[in-house]
Structures are given as structure tokens and as C-alpha cells.
Amino acid sequence: MVGEESKIKFRPNKIHIIGSVGSGKSTLARHLSVRLDLPYYELDNMVWHRVPQGQDIRNSPETRDTLLQKAVHSNQWIIEGVHYEWVARSFEQADLIVYLNTPVWKRNVRILKRFTVQKLGLEQGNYRQTFTMLWKMYKWSYQHDRREKALIMAFLQPHQHKLRMVRNEAELTRYLEESTR
């Protein structure tokens, strides 16, 4: 990893990662967090108060916004999630916005894999895996391509100069290595 760090020409301190469910946002955020030594935050954990062995409780908009504001006002961060309207401040403050444009077939495989490994107890997740949740994930994935993606692109129009659309982590790594901004 030390050698990899030296290859990076463009080193953003504030990165916002957005994409569909199953696109790889959390995995990319974890990898970049280690590689660039930046803390990362999951928007879902701002929206939801996680309750062990129970139903998560939705945070109030005030609590959610306070958690986001605390992260955004720090000097370095990676924020990831599918949300976009209520997180406008993080897009404004970001040095780099990454849109993960993962093909739907790959998202579907990831959704099923996540469901299976978490249902079997091989991996801990942020929420309880149920067949209803699995169905919702597939529904959200397809809706993302049909509706949400265009809305997100329109929302991000003022930030085109710092938006990078990639299909995977390798494309983002190439960009960071080649770009001097």
C-alpha cells in the first residue's frame, strides 16, 4: 500500500461516493479510507439509529442533519450513500464526487451475495436480512436505473467539474493516478 499511495497525483481530502444499492459504495469507501487515511461515513447510519437484534429506528431529520453536518465540517472525509437531496452540503464541500455506475447484473449478484452471507451469519450487516428486504433491494436497484440516476445527474449538474463516473475501483484508481486536477 505504501507504494500505491505515492502513485496518486490527485489526493482529495473530501470524497462523496454515490450510486445504486449494490454498486460497491461501502466497499470503495472502506478501501479508499485505508489507502488515503481518511475517515468514512455511511449515510444509512445517519438516517437510521441501529438497534442490535431489533428493528432500526429512523432518526429525526434534525438528528440526521446534525450527524451529516459534523462529518462535512471536518477537514477530511469520505461520505457514501444513495441519498442525494438532503446531503447537498456534502456535494458542495467535496473535492471529488464519485458516481459508481455499476451494471445492474453486477449489482444483482452483489445483492444476492450480501443477503446470503449475512443470512448465514458469515458477515455482519447494518440491517436484518429478510426476503422482503431482498425483494426491496432488487426493486431499488432497477428503479435506480429507470428513475434515480437521471435525477441524481440533474442534481449534480452544478458540480460537474468535480464529478467522476466510474464502473469500478480500478477506474477510480487510474483517475487518481493520472489526474493532477
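User: Hi! Let's start with strand 5: which residues point one way and which the other, and are they buried or exposed?

Analyst: Happy to help; keep in mind that this is a predicted model. In strand 5, Trp77 and Ile79 point one way while Ile78 and Glu80 point the other way, and all are buried.

User: What sheet does strand 5 belong to, and what's the strand order?

Analyst: The sheet is open, with five strands in the order 2-5-1-6-7 and parallel pairing. Strand 2 (40–42) and strand 7 (163–166) are its edge strands, each pairing on one side only. On average, neighbouring strands are turned by 20° against each other, ignoring direction.

User: How many bridges join strand 2 to strand 5?

Analyst: There are three bridges between strand 2 and strand 5, and the two run parallel. Tyrosine 41 has isoleucine 79 of strand 5 as its bridge partner, and glutamate 42 is partnered with glutamate 80 in strand 5.

User: And how many join strand 1 to strand 5?

Analyst: Strand 1 and strand 5 run parallel and are joined by four bridges. Here isoleucine 17 stands opposite glutamate 80 of strand 5.

User: OK, moving along the sheet. How does strand 6 pair with strand 1, and how with strand 7?

Analyst: Strand 1 and strand 6 pair in the parallel sense over five bridges, with leucine 96 in strand 6 as the bridge partner of isoleucine 15. Strand 6 and strand 7 also run parallel, joined by four bridges. In that pairing, tyrosine 99 has methionine 165 of strand 7 as its bridge partner.

User: Why is strand 6 described as largely enclosed?

Analyst: Because five of the five residues of strand 6 are buried, the strand is largely enclosed by the rest of the structure. Both of its faces are covered: Leu96, Val98 and Leu100 sit on one side, Ile97 and Tyr99 on the other, and all are buried.

User: Which strands does helix 2 lie across, and which does helix 4?

Analyst: Helix 2 lies across strand 1 (14–19), strand 2, strand 5 and strand 6, and runs at about 160° to strand 1. Helix 4 lies across strand 1, strand 2 and strand 5, at about 145° to strand 5.

User: I also see helix 2 and helix 8 together. How do they cross?

Analyst: The axes of helix 2 (residues 25–36) and helix 8 (residues 169–178) come within 11 Å and cross at roughly 35°. That crossing is right-handed.

User: Which residues meet there?

Analyst: From helix 2 you have Leu28, His31, Leu32 and Arg35, which meet Glu169, Leu172, Thr173, Leu176 and Glu177 of helix 8. By type, the residues of this contact are four nonpolar, two polar and three charged.

User: Switching topics: what's in the largest nonpolar core?

Analyst: The largest nonpolar core holds 18 residues, and Ile18, Leu68, Ile79, Phe91, Ile152 and Leu156 have the most contacts inside it. Helix 4 (61–72), strand 5 (77–80), strand 6 (96–100) and helix 7 (131–155) are the elements giving it two or more residues. Helix 4 gives the most, with three residues. A second, separate core has 17 residues, including Phe10, Leu32, Val98 and Leu172.

User: What does phenylalanine 91 touch?

Analyst: Leaving out residues up to four places away in sequence, phenylalanine 91 touches His16, Ile18, His83, Tyr84, Ile97, Phe155, Leu156, His159 and Lys162.

User: Now histidine 144. Where is it, and does it count as buried or exposed?

Analyst: Histidine 144 is in helix 7. With 2% relative accessibility, histidine 144 counts as buried.

User: What does histidine 144 touch?

Analyst: Not counting residues up to four places away in sequence, histidine 144 touches Gly19, Ser20, Val82, Tyr99, Lys149 and Ile152. Histidine 144 and serine 20 are 124 residues apart along the chain, with their C-alpha atoms separated by 6.0 Å.

User: Last one: where is aspartate 37, and what is its phi?

Analyst: Aspartate 37 is in the loop between helix 2 and strand 2. Its phi is near 55°, a positive value in a residue other than glycine. For context, most residues other than glycine have a negative phi.

User: Is aspartate 37 buried or exposed?

Analyst: Aspartate 37 is exposed, with a relative accessible area of 62%.

Note on methods
Residues are numbered from 1 along each chain as its sequence is written. This is a predicted model: local features need pLDDT of at least 70, side-chain atom pairs count only at pLDDT 80 or more; totals for chains, interfaces and linings use all residues. Side-chain values use heavy atoms; hydrogens and water are left out. Axes are lines fitted to C-alpha atoms, for helices over the stretch in contact, and angles run from 0 to 180 degrees between N-to-C directions. A crossing is left-handed if the near helix is turned anticlockwise from the far one by less than a right angle, and right-handed if clockwise. Contact means heavy atoms within 4.5 Å. Ala, Val, Leu, Ile, Met, Phe, Trp, Tyr, Cys and Pro count as nonpolar, Asp, Glu, Lys and Arg as charged, and the others, Gly among them, as polar. A nonpolar core is a set of buried Ala, Val, Leu, Ile, Met, Phe, Trp, Tyr and Cys residues joined through side-chain atoms within 4.5 Å. Buried means under 20% relative accessible area, exposed over 50%, partly exposed in between (1.4 Å probe, protein chains only). Two strands pair if DSSP finds at least two bridges between them.
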